[in-house]
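Reader: I would like a close look at one part of this protein. Please start with the overall picture, then zoom in on a patch of the surface.

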Amino acid sequence: MDAWAKDQAVDKSDLLTMMGDPSGELTRALDLVMDHPGPVSVLGSGRCKRFALYAEDSVVKVIEVAEGPEDPAGDDHPHVSLAPNMIERIKALKSAKTEL
């Protein structure tokens, strides 16, 4: 994860924590195991679906999974799991809190 963070120029970030799931425990707990035969035939079993997650104090507030019936790996439409969409979702969440 350190090498990936460095490659993505976020290795010095205080805002982002990059984490791996080598045993797949979190992937299974979130029910995000990619088990569609297409991607599994290329990537192998036990892989995680493409997703982005936002949590506060260990509580998941936003989760977006990039997948579709004809796109189980989320390659064609990854936008839901990319930063611009997540930023908008988090802003909406924060805005809803201030309106209460």
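Author: Let's begin with the fold. This is a predicted model. The protein chain has four helices and two strands. Their order along the sequence is α-α-α-β-β-α. The two strands thus sit in the pattern after three helices and before one more.

Next, the dimensions. The C-alpha trace spans about 45 × 35 × 25 Å along its principal axes. The chain has 100 residues, and 20% of them count as buried. Take the contacts between residues at least 6 apart in sequence: 31% of these join residues at least 24 apart.

Now the surface. The protein chain exposes about 7600 Å². Carbon and sulfur atoms supply 55% of that area. Charges are part of the picture too. There are 11 positive and 18 negative ones. The mean positions of the two sets lie 5 Å apart.

Here is the part to look at closely. Leu53, Val60 and Ile63 form a nonpolar patch on the surface. Together, the three have about 210 Å² of accessible area. Find Leu53 in the structure. Leucine 53 belongs to strand β1, which covers residues 51-56.

Why can Leu53 be part of a surface patch? A patch takes residues with over 30% relative accessible area. Leucine 53 has 35%, so it passes that cut-off. The value also makes leucine 53 partly exposed, because that class runs between the buried limit of 20% and the exposed limit of 50%. Leucine 53 is therefore a strand residue that is partly exposed and shares a nonpolar patch with Val60 and Ile63.

Notes:
Residues are numbered from 1 along each chain as its sequence is written. This is a predicted model: local features need pLDDT of at least 70, side-chain atom pairs count only at pLDDT 80 or more; totals for chains, interfaces and linings use all residues. Side-chain values use heavy atoms; hydrogens and water are left out. Buried means under 20% relative accessible area, exposed over 50%, partly exposed in between (1.4 Å probe, protein chains only). Contact means heavy atoms within 4.5 Å. Accessible areas come from the Shrake-Rupley method with a 1.4 Å probe; for residues, only the protein chains shown count as cover. Lys and Arg count as positive and Asp and Glu as negative; His and the chain ends are not counted. The place of a charge is taken as NZ of Lys, CZ of Arg, CG of Asp or CD of Glu. Patches are made of residues with over 30% relative accessible area and no salt bridge: like charges are joined within 9 Å, nonpolar side chains (Val, Leu, Ile, Met, Phe, Trp, Tyr) within 5 Å. A salt bridge is a side-chain nitrogen of Lys or Arg within 4 Å of a carboxyl oxygen of Asp or Glu.
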